[in-house]
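Good morning, and thank you for making the time. I would like to take you through one structure, beginning with a term that we shall need.

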Amino acid sequence: MTSPDHSAWWPGRRSRRDFGWAVGGIWLVYLSHPISTAWQHPPGFARDLAVGALLGFGLCYVLIFALMVRARHRRRALGAVPTWGHLGDRLSWALLGLLFGLSLLAIPGVGADWLVTLVYLSTAAVMLLPLRAALVFVGVMALVAAVTPFAVPGWRGQSDLVFAVLLAAFATFGVTRLAERNADLLAAQREIHRLAVAGERSRTARDLHDILGHSLTVVAVKAELAGRLLEVDPGRAAVEVADVERLAREALADVRSTVGAYREVTLATELAGARTALDAAGIEADLPAAAVGLPEARSELFGWAVREGVTNVVRHSGARRCTVRVGHDMVEVLDDGRGPEEGQPDRVPVDGSDRPVGGHGLLGLRERAEQAGGRVTVGRGPGGRGFRLRVELDRRAG
């Protein structure tokens, strides 16, 4: 499974950077008035300093805006941007101080129009500082906007400036929180996709293991049998070779069906396959004559259990007899072979820590059983002989 192309609907890194520059640049329209005032100031140091300071102010403001857009999408505070991470909050205060210093340099050339920069300083504080510090800073800026015109001779008060400072700060707060929610949503979507891919890969690996493990075991047993019969009974050997060919084709079809996730396993078909595998291996089969009526989910789980159990009997047990018992809530595969290794308890759950008695097949069966609300146990058979694989389901489970 390949990852979807998020760039088709979500802006990439370069697009987000350009978006930050563009949105930040739009607000500079309101800085044109103090720049115009500075430009109309009589030529001299004050005018040049004011124009340069305001241009630097605007560039610094847009830079902060663009950095914050990127940092918010990375779900980090600006102080946690990797290259500046060691500065922490000091970086935010340094940028805010730089912005404030540039605005002060413009006062000799713009006079009372300097108050417009308070709006930008307030929005920058909301972007850079923690909420409580930003509220204090915005309050101070609003107070400066209200008091300064009355404290400085020749400056005229602007009645709507305090409102503009507060409104701009509130709007910026809303935009930053919206950006954070979007980043959270994108992260959640990526995590859901990652889990879906991991789950699909796990299912495919588990199904392929179980399908191919059983099929190739039967093919190997029948091929071995055909080799032994080749000289003593060529006719029977030809029949076994034909079975090998048929089984190989069925295995190939099973692999295709498994990859396509449309292969169905039922208890009835697995019992029939088990009888064929046991007969080919020369193991007496004691199987139910017919599958009991089970819900579809239980029939599939019990079918996987029979497939795994019988495959292990043929591969490892050295048994002469294999018995399969099926009830409404359980299925059991027993044999009279070598049984578990010495020192193994008579009955243990398959829980992932039982490597000595549980390979990939049993662990995959455990996952299927757990998904259905059941459990898998393995151990010695009745009387301490042979091997037992048992899958039990809660009576209330479907």
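Helices here are DSSP runs of at least four residues, numbered from the N terminus. With that in place, please note that what you see is a predicted model.

Let me start with Lys 222, a residue of helix H8. Is Lys 222 buried or exposed? Its relative accessible area is 5%, and because buried means under 20%, Lys 222 counts as buried. The side chain of Lys 222 makes a polar contact of 2.9 Å with the side chain of Glu 240. If we set aside neighbours within four places in sequence, the residues in contact with Lys 222 are Glu 240, Asp 243, Val 244, Leu 247, Thr 276 and Ala 280.

I turn now to the nonpolar cores. The largest one holds 44 residues, and the members that touch the most others are Ile 64, Leu 99, Leu 118 and Val 165. At least two residues of this core come from each of helices H3, H4, H6, H7 and H8. Helix H3 provides the largest share, with 10 residues. A second core, separate from this one, has 39 residues, among them Val 221, Ile 283, Leu 294 and Val 306.

Which residues does Leu 99 contact, leaving aside those within four places in sequence? They are Phe 57, Cys 60, Tyr 61, Ile 64, Tyr 120, Leu 121 and Ala 124.

One of those contacts, Cys 60, leads to the cysteines. Cys 60 is buried, at a relative accessible area of 7%, and Cys 322 is buried too, at 0%. How many disulfides does the model contain? The count is zero, with a cut-off of 2.5 Å between cysteine sulfur atoms.

Next, the annotation. An unreviewed UniProt entry gives the feature "transmembrane region" at residues 19–37, 49–69, 90–108, 136–155 and 161–179. Two of these spans can be compared with the model. Residues 136–155 are 80% helix and 0% strand, and the C-alpha atoms at the two ends are 25 Å apart. For residues 161–179, the span is 100% helix and 0% strand, with 27 Å between the end C-alpha atoms.

Finally, I would point you to strand E5, residues 374–380, where Thr 377 lies. Thr 377 is buried, with 2% relative accessibility. Between Thr 377 and Leu 389 the separation is 12 residues in sequence, while their C-alpha atoms are 6.1 Å apart in space.

Thank you for your attention.

How values were computed: Residues are numbered from 1 along each chain as its sequence is written. This is a predicted model: local features need pLDDT of at least 70, side-chain atom pairs count only at pLDDT 80 or more; totals for chains, interfaces and linings use all residues. Side-chain values use heavy atoms; hydrogens and water are left out. A nonpolar core is a set of buried Ala, Val, Leu, Ile, Met, Phe, Trp, Tyr and Cys residues joined through side-chain atoms within 4.5 Å. Buried means under 20% relative accessible area, exposed over 50%, partly exposed in between (1.4 Å probe, protein chains only). Contact means heavy atoms within 4.5 Å. A polar contact is a pair of N or O atoms within 3.5 Å; within protein, one must be able to donate a hydrogen and the other to accept it, and residues adjacent in sequence count only if both atoms are side-chain atoms. UniProt positions are given in the numbering used here, feature names are shortened, and annotations may be inferred rather than shown by experiment.
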